[in-house]
Amino acid sequence: LDAPESHELVQLVWKNRGTVADLDELLSSSEAKKLRNSYPMLSPGLLQVHIRELLQQVKLFPISGSPKLEGYPQFVVDKKKQRIGYLDPVSGVPQYNTFYGYVTAFTYLHCVESQQLELEKVKGEIVLR
């Protein structure tokens, strides 16, 4: 869902990653309510699935320090084109069309926070999928 409400919900999870946020708290947030109002066909069950995934995958990104991305290929940042890619484990060539769910969305936010990318240029990558 490439919509401002979707982006806001992902950012809410990111900004609160150091606190204990739970499913019910996020489902009742103003961001989730705006998303449901904008997309009335979005079932509560489907939204719960996405929020659970967000909560699980944000744990890989501590508030300070490097992401804990064991099991995922190393990411690289293309500052010129404002994108991230993952190194192919065989060729070592960055693949810019590879996506690992919310890990990729949070990697974008990590790179924004560390001033490697600009939020306005990568917002489309930080949404519910």
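This report describes the largest pocket, helix 3 and Ser-6 in a predicted model.

**The largest pocket**

The largest pocket holds about 150 Å³ of space. It is lined by 11 residues, and those closest to its centre are Thr-19, Ala-21, Leu-55, Val-58 and Lys-59. Helix 4, which spans residues 44-58, gives the largest share of this lining, with three residues. By residue class, the lining of the largest pocket divides as follows.

| Class of lining residue | Number of residues |
|---|---|
| Nonpolar | six residues |
| Polar | three residues |
| Charged | two residues |

**Helix 3**

Helix 3 runs over residues 30-38, and its buried residues are Glu-31, Ala-32 and Leu-35. These buried residues lie on the same side of helix 3, because they cover an arc of only 95° around the axis. In an α-helix there are 3.6 residues a turn, so residues three or four places apart point the same way. The partners of the buried residues of helix 3 are helix 1 (4-15), helix 2 (23-27) and helix 4; the buried residues pack against these elements.

**Ser-6**

Ser-6 is part of helix 1. Is Ser-6 buried or exposed? Ser-6 counts as buried, because its relative accessibility is 0%, and the cut-off for buried is under 20%. Leaving out residues up to four places away in sequence, Ser-6 touches Leu-1, Leu-35, Ile-126, Val-127 and Leu-128. One of these, Leu-35, is also among the buried residues of helix 3.

Key
Residues are numbered from 1 along each chain as its sequence is written. This is a predicted model: local features need pLDDT of at least 70, side-chain atom pairs count only at pLDDT 80 or more; totals for chains, interfaces and linings use all residues. Side-chain values use heavy atoms; hydrogens and water are left out. On a 1 Å grid over the protein atoms alone, a cavity is a set of points where a 1.4 Å probe fits but cannot get out, and a pocket is an open set with protein on both sides within 12 Å along at least five of seven lines; lining residues have an atom within 4 Å of a point. Grid points are joined across faces, edges and corners, and a volume is the space filled by probe spheres set on the points. Helices (H or I, at least four residues) and strands (E, at least two) are DSSP runs, numbered from the N terminus. Ala, Val, Leu, Ile, Met, Phe, Trp, Tyr, Cys and Pro count as nonpolar, Asp, Glu, Lys and Arg as charged, and the others, Gly among them, as polar. Buried means under 20% relative accessible area, exposed over 50%, partly exposed in between (1.4 Å probe, protein chains only). The arc is that of the directions from the helix axis to the C-beta atoms. Contact means heavy atoms within 4.5 Å.
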